[in-house]
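Student: I should like a close look at one part of this model, namely a place where two helices pack against each other. Please describe that part first and then place it beside comparable features elsewhere.

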Amino acid sequence: MKPIEVLDPKVQACIKKRGFSVLSDAQKQAIPLILKGNHVFLIAPTGTGKTESAMFPVFNKLLSMPSGGGIKALYITPLRSLNRDILARMQWWCGELGLSVGVRHGDTPMGERRKQALSPPDLLITTPETFQALFMGKRLRKHLAQVRFVIIDEIHELAGSKRGAQLAVALERLHVYAGEFQRIGLSATVGNPEDIARFLCGARPFSVVSVPVAKQLDITVKFVGDNFQQQTEILSKALKRDGSTLVFVNTRVTAEALGHALYGRGDVEVHHGSLSKEVRIDAEERFKRGEIRTLICTSSMELGIDIGRVDHVIQFGSPREVARLVQRIGRAGHQLNTISRGTILATGFDDLLESLVIAKKAKSNEIEKVVPHRNAADVLANQIAAIAVEYGEIERAKIREILERTAVFTACGILLDDVCRQMEEHRLIRIDGSRIITTARARRYLAGNLSMIHDERKVPIFDMVSRRTVGSLDESFVVGWIHAGVVFITKGQLWRVIEIADGKLTVEPAKKAQGELPSWEGEQIPVPFSVAREAGKMRRTRDISKYTPEPDGIRFAEKFLSEMDKNRSLISTDLLITLENTDDGVVCNVCAGHKVNEALGRVLSILISARYGTTVGLELDAYRMLLRLPSSIRAADVRDLLLSLDPSHMPGILRLALKRTALFKWKLVQIAKKFGAIDPDADYEKISIQRLLEYFDNTVVQTEAYRELLSEYMDIDTAVLLIRKVKQGEISVALGPHSMIGAGGLLSSRDQIPPPTADQAVIATLKRRLDQEDVLLVCMNCRDWKSRTGVTRVPDHPQCPKCGARLIAALKPYEDELYAGIRKSKKTPSERAVEQRLLKNANIVLSSGKKAVIALSARGVGPENASRILATLTDGDAFYREIIKAERNFIQTHRYWS
Amino acid sequence: MNLEFFSNGPALVIEGEERLLVVADTHFGIEADLAAHGLHFRSHSADRLERLLKIIDAADPDMLILLGDIKHSIPSLTRQEYYEMPGILEAIRSRIPLKVFPGNHDIGIERYLLDTELQPRDGVILDGVGYLHGHMYPSPQLAGPLIVIGHHHPLFLLKDEVGCSLQAPAYLRAGLDTKGLGLDMHQNNLSPPRVLFMPAFNEIAGYDILQIINNPFSPFSRFIKKEEAEIILADGTYIGPLSLQQSDETD
């Protein structure tokens, strides 16, 4: 029997009518398993008829069911645009087979929704978020009871995110109404298929069908120079060929810049998430019809939206991840059995090596893992609120039952209780013994929080001076970090905040880099550890030609490295960490990828901030970190710290470091929103939100911020392994001059680690103040010399230029008349007392020199206090601490206050 | 006159003939207002009160001076305040006599106070020091060496070479334009009066000192002598003239 013959003759007839002569590998393997009723996880490249693999057997089964009565199959995709695409395809099949199909998502008009509630379609195409909304309506809930099949498309896009964790819970909520239904997951290649299948099915048995992609890839890496003009010229030339091309870029800014440069050709359009739906659909349609031959796009085009024939894919700049490259190149050759052709245009030294490594890994099928979020507390809070609204009131044990059927909350244990307690604090639910009860707020909360995607309000930045809006910042960032007086960077310029009011941030341009602040220009795709390590190895072995036959790239890389040698620069590799002094601080070249550098950079920063009492600014990418430091802390100091680092202490140090960073506060605000503590439209202008965030100390909200940051944003375990290798001498650490590698790179993440106490900042303020004080030096020997000067300019041992004596008293500038008084030959008793004081003063200066002058210029410090301070024989900071103590005492006396 | 600083308040003991503990801007009941602005938190009144009682125990004063904005809601009492205020005031009263200088947020607080506790809004001199909340013009009779006020919630940003290392409640002391404020300086041998701005006791209130100075929003912030203004941290650490901090800001 031919594979196709297992299907219902009606479905077979449709397939023939549609013009499919043979089934693809994916279809051949998946169809029988799905017909058998197995839960199936299907991995296959784009364009191999994945959707049909799932839907042919589902159609088959739908035909044998009575018509009407509820939704029988749910087709869930991560994107609305994908929904539209799938709907267009399904309408034909369903029309032929006499089945009804509908789509429901954020853009669906009210009329259509009402129709669906009254007569539900057999097949409903939706997004995970609208799936959430289906549980809110009584009538729709009833329709859900008929669901027999759930197909999740592009599941790799969801499984690793909180959206995915939320979806996993929703599937089990569906289970309550529908009982067991068949689960089908469709995915691009992932490094860990079993985990994703488990994510889809929980503890149920499943089958995995995997159609390999790697041998169909043809990837070339071309070096195009680091000059944008030149890059666009080469790109433009590459586009001069027959057929259509997708150009993938990593940021919207690059997409716009390239689009602008190539606009004159007339056959190019730009496609990214910031453009309106109409503009995007128009570009897709024109590309499909062949009116334009090139589409410049971001990850918006990665997923399987049908845009017709793509002959070639160009990746502009390193794709950063193997999975992303495979997915993107897979868009080319959209017919069965054709080879996917793709070119990476590498734009610099790091970029070239990274691209070569990723291309090689893609060919040998080394795809990254997708790791689902386990026990994400904010997802839990969101779903508990949803369940409370759904049932009105419900036993906690029942909620636990639902959760523990998923793969992501199997062992949520005490977390469920902690989350409930926290939610009650924010009045999202009420707890009555073992029952969870919904509140008036919960439904409103849910309407604003159907999605786990952080739909950030953008706060406009208004420049007072030019009277115009210069950009915007994420609300969580503003809330967590910005306050009046602070300086931050955006679009490469420094701004000082004047006020936050009426939902906007009023700023003025700032000149000084002091107080420079974190900035995120969108979330960056992190370069994995393994990729950065291998790029580091290439720097060491210099066997570029093993990776590519392209002469331009080889020549550039070799020239770059020999240039480094010529400059006597040290080249950091997988086995060598180099540290370099710069004007801004110290660069640490570590080839370890973003997540490891995020962890290591923060550990180093907190150690420095604790030891030297200074704030440390941190910027980093996959190959280097810039530690912004006071000029007194040099590379050698950082090396000593690095070498003395105890790997086993690193996780604890990192937790400490995190708490006071902008990144942490930013996360905390996002999570607090999901717990209902902060409304989407909260007005936080009147209070200090940063201190409000301290209410989350030692709560489950804080724990979740740690969990997410430590698993998603940084990789401390691997950082520990790296430092172990340093300890064992496998990786060496060396100091070098500032090099081309150290100066390179786009510093994509920025943060600040403040010192544990403000002690050093207080001392620095005191020093600065005393330095700026004036002092009146008077000779107590000849009594005929006085000189007003700055404290900084006082010599170590002041001497009278008239008589040569060193009996010099240091007076406050306003004490001028005291000196006049003691120069009289006939003195009053009080003048005599002053004379004694001045002599005492001069004696202290005689014995302790400038140090005495400094102490005497402090507030309220006279000869008695000064000699007490000097008697402690302290130096440096300890000396200044004594002065602070003396001033603090003075402030408490009536002399200061009256 | 001697002073003692309690940084965990912030609170201040001013000791002359008597030991007076001064606390400003507790804003009990702020949570109801936060909720109206989309921030949903449980009441922290109990924690705030406990902090206050601990300071009372540690300072062992003769009297507590509440320098206004004891409660938060305007123009009327919220349900939260209606339930909480009597208990809070009773807990304090059972330990120590108190005097209350009502602030702009204290509408309706009279009903919870004894006649002896309620002080005039435009201030009064106690033990040689003038006290008032500070949202309105002071009584002309308040001219004296020192006037202590609340209302402004001063917060100080301490910076180091790389960034901002501390954002903390702080005191601001400055000279006053007595004419502008309408203080009667014709009384006998008066030294020029100084004002002391108290930081807020409420843990989430705070306003940058430079903002207070540069965008004045009260008679006192309008009529202080900026060039004489000095900053003291909540623990009594002397930071020094504001002018030093400011010149640093603007270059």
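Is the crossing in which helix 25 of chain A passes helix 29 of chain A left-handed or right-handed?

Tutor: Helix 25 of chain A passes helix 29 of chain A in a right-handed crossing (the near helix is turned clockwise from the far one by less than a right angle; anticlockwise would be left-handed). The model is predicted, with local features needing pLDDT of at least 70, side-chain atom pairs counting only at pLDDT 80 or more, and totals for chains, interfaces and linings using all residues. Residues are numbered from 1 along each chain as its sequence is written, chains are lettered from A and ligands numbered from 1 in the order in which they are written, and side-chain values use heavy atoms, without hydrogens and water.

Helix 25 comprises residues 650–659 of chain A and helix 29 comprises residues 716–727 of chain A; their axes lie 10 Å apart and the packing angle is about 130 degrees. Axes are lines fitted to C-alpha atoms, for helices over the stretch in contact, with angles from 0 to 180 degrees between N-to-C directions. Helices (H or I, at least four residues) and strands (E, at least two) are DSSP runs numbered from the N terminus. The angle makes helix 25 of chain A oblique to helix 29 of chain A (under 35 degrees is roughly parallel, over 145 roughly antiparallel, 65 to 115 roughly perpendicular, the rest oblique).

On the side of helix 25 of chain A, Met650(A), Pro651(A) and Leu654(A) meet Ile716(A), Ala719(A), Val720(A) and Ile723(A) of helix 29 of chain A (contact means heavy atoms within 4.5 Å). By class, this contact of helix 25 with helix 29 of chain A has 7 nonpolar, no polar and no charged residues (Ala, Val, Leu, Ile, Met, Phe, Trp, Tyr, Cys and Pro are nonpolar, Asp, Glu, Lys and Arg charged, the others, Gly among them, polar).

Another pair for comparison is helix 26 (residues 662–674) and helix 28 (residues 700–713) of chain A, whose axes come within 9 Å and cross at roughly 120 degrees. Helix 26 of chain A is therefore oblique to helix 28 of chain A, and the crossing of helix 26 and helix 28 of chain A is right-handed. Helix 26 of chain A contributes residues including Phe664(A), Trp666(A) and Lys667(A), while helix 28 of chain A contributes, among them, Glu704(A), Tyr706(A), Glu708(A) and Tyr713(A). By class, the contact of helix 26 with helix 28 of chain A has 11 nonpolar, 1 polar and 3 charged residues.

In a further pair, the axes of helix 14 (residues 322–329) and helix 15 (residues 349–363) of chain A come within 9 Å and cross at roughly 70 degrees, so helix 14 and helix 15 of chain A are roughly perpendicular to each other. Val322(A), Leu325(A) and Val326(A) of helix 14 of chain A make the contact with Ile358(A), Ala359(A), Lys361(A) and Ala362(A) of helix 15 of chain A. The contact of helix 14 with helix 15 of chain A has 6 nonpolar, no polar and 1 charged residues.

Some backbone features lie in loops. Arg427(A), with phi near 60 degrees, has a positive value in a residue other than glycine; Arg427(A) is in the loop between helix 18 (413–425) and strand 15 (429–432) of chain A. In chain B, a cis peptide bond joins Gly9(B) and Pro10(B), with omega about -5 degrees, and Pro10(B) belongs to the loop between strand 1 (2–6) and strand 2 (11–15) of chain B. The peptide bond from Ile74(B) to Pro75(B) is also cis, with omega near 0 degrees, and Pro75(B) sits in the loop between strand 4 (63–66) and helix 3 (79–93) of chain B. As for the two chains, 54 residues of chain B are in contact with 61 residues of chain A.
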